[in-house]
Amino acid sequence: MKNYKIQINKRCLYDMYEVTLYVALKTSIEYSEVYSVKLKEEIVRLSYLADVIKESDFETAKKYNKKAKILVTKNRKWSIIFHTFRNYVIVDRIIPAKMMTH
C-alpha cells in the first residue's frame, strides 16, 4: 500500500475555516476546535486510504478534477474531494455531503 504526502489547496483551507465557523455558530467555539481537529485527522487518513477509494462519478467532484475521489467524513456530513498526483494526495474541496450530485 502506497503512503502519500498530503497537500491542501488554498480553497480547501478556506473551506476548513468555513466549516469550523459554521460549527462554532451552531454549537460552541470549544466544540468547533475539536471538530476542526477531527476533520484534519480525516484528511490525514487519506495518506494511506487514497488508493483504496475509487474515482468518483459525481459531477460535483469532477468539476474540481476529472480524476477526483471522495472521502465522506465519519459523521457523513462532509465530502472531502481530492485527487492523487505522483506521491501526493491533493485535497481540492470540503463541501456538504448533501451537495454531491450525479
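I looked first at E2 and E3, in this predicted model, and found that they run antiparallel and are joined by four bridges; strands here are DSSP E runs of at least two residues, helices H or I runs of at least four, both numbered from the N terminus, and two strands pair if DSSP finds at least two bridges between them. For Val 72, I noted that the bridge partner in E3 is Ser 79.

Residues are numbered from 1 along each chain as its sequence is written. Local features need pLDDT of at least 70 and side-chain atom pairs count only at pLDDT 80 or more, whereas totals for chains, interfaces and linings use all residues, and side-chain values use heavy atoms, with hydrogens and water left out.

I then followed the open sheet, whose four strands come in the order E1-E4-E3-E2 with mixed pairing. I marked E1 and E2 as the edge strands, since each pairs on one side only.

I turned to the helices and saw H1 packing on the sheet, where H1 touches E1, E3 and E4 (contact means heavy atoms within 4.5 Å) and makes about 40 degrees with the direction of E4; axes are lines fitted to C-alpha atoms, for helices over the stretch in contact, and angles run from 0 to 180 degrees between N-to-C directions. H2 lies across E1, E2, E3 and E4, at about 30 degrees to E3.

I checked the span of H2 (residues 29-49): at 1.5 Å a residue, taken times one less than the number of residues, its 21 residues should span 30 Å, and the end C-alpha atoms are 30 Å apart, which agrees.
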